[in-house]
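Please open the model in your viewer and keep the selection panel at hand. The tour below goes from one selection to the next and says what is found at each stop.

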Amino acid sequence: MHAGIIFLLVIIGSVLFHIFTPWYWTDIASNWQGMDDTITLTFWVGGGVFVAVCLFMVYCVFRYSYKEGRKAEYKPEDKKLEKILTWATTLGVAALLAPGLIIWNQYVNVPKNALEIDVMAWQWGWQYRLPGEDGKLGTTKVTNINDENPFGINIDDPFGRDDVLVQSDYINLENNKPVKILLRSVDVLHNWYVPQFRSKMDAVPGIVTFYWFEPNKVGEYEVLCAEYCGVGHYAMRGGVEVQNAGDYNKWLSEQETFDELIAKNELEFENKKLAKNNNLNLNKDIYKEE
Ligand SMILES: [Cu+2]
């Protein structure tokens, strides 16, 4: 009897907690309303089954509690009940899975006008690469990666020379412009996640994974790594600033290209040689590494 009452209180408490919880998802800032709808549907199916099953148990506790002289009836088969349960379960599972498949299909079918962004993850941080004026990202190879070529771009690929390199955990995006996120990892699994965009995917070493979204609210958002990736995982945070076209283009024009980085490295190399030859301490920074 008491067990039944406790059970009932748990059900009522769970439903009330869901209605009045202060911990609900953040406001959406992308095109993926479909993700939210899918989760809401999952909630209704899962929550409905939870309440129904628990209420049935409460009913059983009261209806079939011990009474002297009452005997249990053995019923090995009930065709009608089995039919109902099979169909109800089938419909429930289909309602859970089908919308997800539809959204997934949209999620990986990238619109033609999407801007490609190379998101590179490492233990523990992010860096980003955008196409230059040719609108195309250069090809890369993991074995090319070094201090002078942090993205591993193939030096002789003409498409790569004008690529814009953002060696920072922070990136800017243009409002209402779809982006294709190309994920790479140099070490272990990571996951580039901005809760407000409702989109994420694992970055897997050795392959390039991708998805797309369209930011639709100007503002600053936090980037989190959503795949446990070692002791520094908690600190693998970054940021996204969604800007209007004017501000975004201004920001973009201030970023370094691969060509500029090469020129800078060459200059540094020449300076080093010069300094060594003349045995002069031209620049303290140059000696820092030695
Ligand atoms: Cu990570």
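Two strands are taken to pair if DSSP finds at least two bridges between them. With that in mind, and remembering that this is a predicted model, select residue Val-179, which stands opposite Phe-213 in E8. Widen the selection to the two strands concerned, and you will have E5 and E8, which pair in the antiparallel sense over five bridges.

Now move to the other neighbour of this strand by selecting residues 115-122, which are strand E1, together with residues 179-185, which are strand E5; these two run parallel and are joined by seven bridges. Within this pairing, Ala-121 is found opposite Ser-185 of E5.

Keep E1 selected and add residues 125-130, strand E2, which runs antiparallel to E1 and is joined to it by five bridges. Here Trp-122 has Gly-125 in E2 as its bridge partner, and the two strands form a hairpin in which two residues lie between them.

Next, show the whole sheet, which is open and made of six strands in the order E8-E5-E1-E2-E3-E11, with mixed pairing. At its edges are strand E8 (209-213) and strand E11 (256-257), each of which pairs on one side only.

Leave the sheet and select the helices H2 and H3, whose axes come within 10 Å of each other and cross at roughly 170°. Because angles over 145 degrees count as roughly antiparallel, H2 is described as roughly antiparallel to H3. To see where they meet, pick Gly-34, Met-35, Thr-38, Leu-41, Thr-42, Val-45 and Val-49 in H2, and then Gly-92, Ala-95, Leu-96, Pro-99, Gly-100, Ile-103 and Gln-106 in H3. Coloured by class, the residues of this contact comprise eight nonpolar and six polar ones, with no charged residue.

For the last stop, colour the protein by domain: domain 1 covers 2-63 + 76-108, and domain 2 covers 115-267. The centres of domain 1 and domain 2, taken over C-alpha atoms, are 38 Å apart. Where the two domains touch, eleven residues of domain 1 are in contact with 13 residues of domain 2. On the domain 1 side of this contact, helix H2 (33-63) and helix H3 (79-108) each supply at least two residues. The same side, sorted by class, holds six nonpolar, three polar and two charged residues.

Key: Residues numbered from 1 in each chain as written. Predicted model: local features only at pLDDT ≥ 70, side-chain atom pairs only at ≥ 80, totals over all residues. Domains from an automatic or database assignment. Contact = placed C-beta atoms within 7 Å. Helix = DSSP H or I, 4+ residues; strand = E, 2+ residues; numbered from the N terminus. Nonpolar A, V, L, I, M, F, W, Y, C, P; charged D, E, K, R; others polar. Axes fitted to C-alpha atoms, helices over the stretch in contact; angles between N-to-C directions. Parallel < 35°, antiparallel > 145°, perpendicular 65-115°, else oblique.
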